[in-house]
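Dear colleague,

Please find the structure below, together with its sequence. My notes on it follow, and each term is explained where it is introduced.

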Amino acid sequence: MAGTFPPRARKIVGLGGTFRQASSSERLVRAVLAECAGMGAEVIMFDGPALARLPHFNPENPVRSDEESALVEAVRGADGIVIGSPGYHGGYSGLVKNAVDLLEDLRGDARVYFDGRPVGLVVTAAGWQACGTTLSAMRDVVHAMRGWPTPVGVAVNSVEQRPFDATGALVDEGVARAVRSQAEQIMGFSMERPA
Ligand SMILES: Cc1cc2nc3c(=O)[nH]c(=O)nc-3n(C[C@H](O)[C@H](O)[C@H](O)COP(=O)(O)O)c2cc1C
């Protein structure tokens with residue numbers, strides 16, 4: 001697949017994770033990004049601590065911090081996006097939603113919000129029910145923002161599964177397969193779009 005890519009490297013932006021040092025949702029986003037990088041993409045990650053430096057989004061405040069501008073510009077220039085969240089109370093986290101709300105800054109762009117871009121979604125939760133509801137909620141948001149959620153979503157039950165070893169390496173073959181499939185869909189979709 002990598003050999004068929006146009007010469008320009010695709011830019012894939014990841015955002016998500018939590019404050020936890022070994023955040024499983026952050027690791028999953030990074031795993032998808034790593035697969036994309038292996039297929040020639042330039043990748044950039046906005047992890048939990050980075051998202052926590054964003055102020056609460058205020059639609060009446062036009063002033064942007066460097067951190068806010070960095071995220072908005074990265075998504076503006078992205079060919080694909082990966083968003084990861086834990087399931088918190090059956091939905092996705094406020095930390096991730098605040099970052100997504102900031103992307104309101106893209107409303108006036110010719111390529112509004114996530115328009116025309118593939119968006120990979122990954123979730124971890126302590127139960128399958130929240131895995132499903134959270135993934136589904138994130139898909140709805142991506143649709144609302146004119147993005148194309150990849151057919152493959154990745155959901156990990158962090159109680160029943162231990163996809164990462166102590167070093168953070170992805171060791172679960174099934175999860176690794178899903179991660180690879182999602183990355184292939186992101187890259188495949190983005191290479192079919194005008195550069
Ligand atoms: C505030 C909070 C709410 C949570 N709510 C749910 C929930 O409704 N359902 C569920 O299955 N797990 C829930 N969990 C568990 C997390 O989704 C789970 O531990 C997740 O894997 C954490 O992601 P992380 O490793 O990226 O921090 C909750 C955890 C916290 C801290």
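How many salt bridges does a search of the whole structure find? The search finds ten, where a salt bridge is a side-chain nitrogen of Lys or Arg within 4 Å of a carboxyl oxygen of Asp or Glu. Side chains of opposite charge can pair when their charged atoms come close.

Before the details, please note how the values were obtained. This is a predicted model, in which local features need pLDDT of at least 70 and side-chain atom pairs count only at pLDDT 80 or more, while totals for chains, interfaces and linings use all residues. Residues are numbered from 1 along each chain as its sequence is written, and side-chain values use heavy atoms, with hydrogens and water left out.

Salt bridges

One of the salt bridges joins R180 to E35, with the closest N and O atoms 3.9 Å apart. R180 lies in helix 6 (residues 173-191) and E35 in helix 1 (residues 24-38), so this pair ties together parts that are 145 residues apart in sequence. Helices here are DSSP runs of H or I with at least four residues, strands are runs of E with at least two, and both are numbered from the N terminus. R180 is partly exposed, its relative accessible area being 34%, and E35 is also partly exposed, at 27%. For these labels, buried means under 20% relative accessible area, exposed means over 50%, and partly exposed is in between (1.4 Å probe, protein chains only).

A second pair is D105 and R64, whose closest N and O atoms are 2.5 Å apart. D105 lies in the loop between helix 4 and strand 5, and R64 in the loop between helix 2 (48-52) and helix 3 (66-76), so the pair ties together parts that are 41 residues apart in sequence. D105 is partly exposed, with a relative accessible area of 22%, and R64 is partly exposed with a value of 22%.

A third pair, D101 and K97, has its closest N and O atoms 2.7 Å apart. Both residues are in helix 4, and being four residues apart they are separated by about one helical turn. D101 is partly exposed at 29% relative accessibility, and K97 is partly exposed at 32%. In addition, E26, R30 and D47 are joined into one network by salt bridges that share partners.

A buried arginine

Which side chain of opposite charge is nearest to R117? It is D109, at 6.5 Å, and R117 is buried yet has no salt bridge. In this count Lys and Arg are positive and Asp and Glu negative, whereas His and the chain ends are not counted. R117 lies in the loop between helix 4 (94-102) and strand 5 (118-125). Its side chain reaches the backbone oxygen of V75 at 3.1 Å. Leaving aside neighbours within four places in sequence, the residues in contact with R117 (heavy atoms within 4.5 Å) include V75, D79, W148 and F189.

F189 itself is found in helix 6 and is partly exposed, with a relative accessible area of 22%. Apart from neighbours within four places in sequence, F189 is in contact with G116, R117, P118 and W148.

The ligand

Which residues are closest to the ligand? They are R20, S23, S24, S25 and G87, among the 16 residues that surround the ligand, each with a heavy atom within 4 Å of it. Helix 1, strand 3 (80-88) and strand 5 each supply at least two residues of this shell, and strand 3 gives the most, with three.

An N or O atom in the side chain of R20 is 2.7 Å from an oxygen atom of the ligand. A polar side-chain atom of S25 lies 2.6 Å from a ligand oxygen, and a polar side-chain atom of T124 lies 2.8 Å from a ligand oxygen. Taken alone the ligand exposes 640 Å², and the protein buries 70% of that; these areas come from the Shrake-Rupley method with a 1.4 Å probe.

Backbone angles

H89, in the loop between strand 3 and strand 4 (91-92), has a positive phi near 50 degrees although it is a residue other than glycine. H89 is exposed, with a relative accessible area of 87%. R146 is not a glycine either, and has a positive phi of about 65 degrees; R146 lies in the loop between helix 5 (128-144) and strand 6 (148-149).

Yours sincerely

Conventions: Polar contact = N/O pair within 3.5 Å; in protein donor to acceptor, adjacent residues only side chain to side chain.
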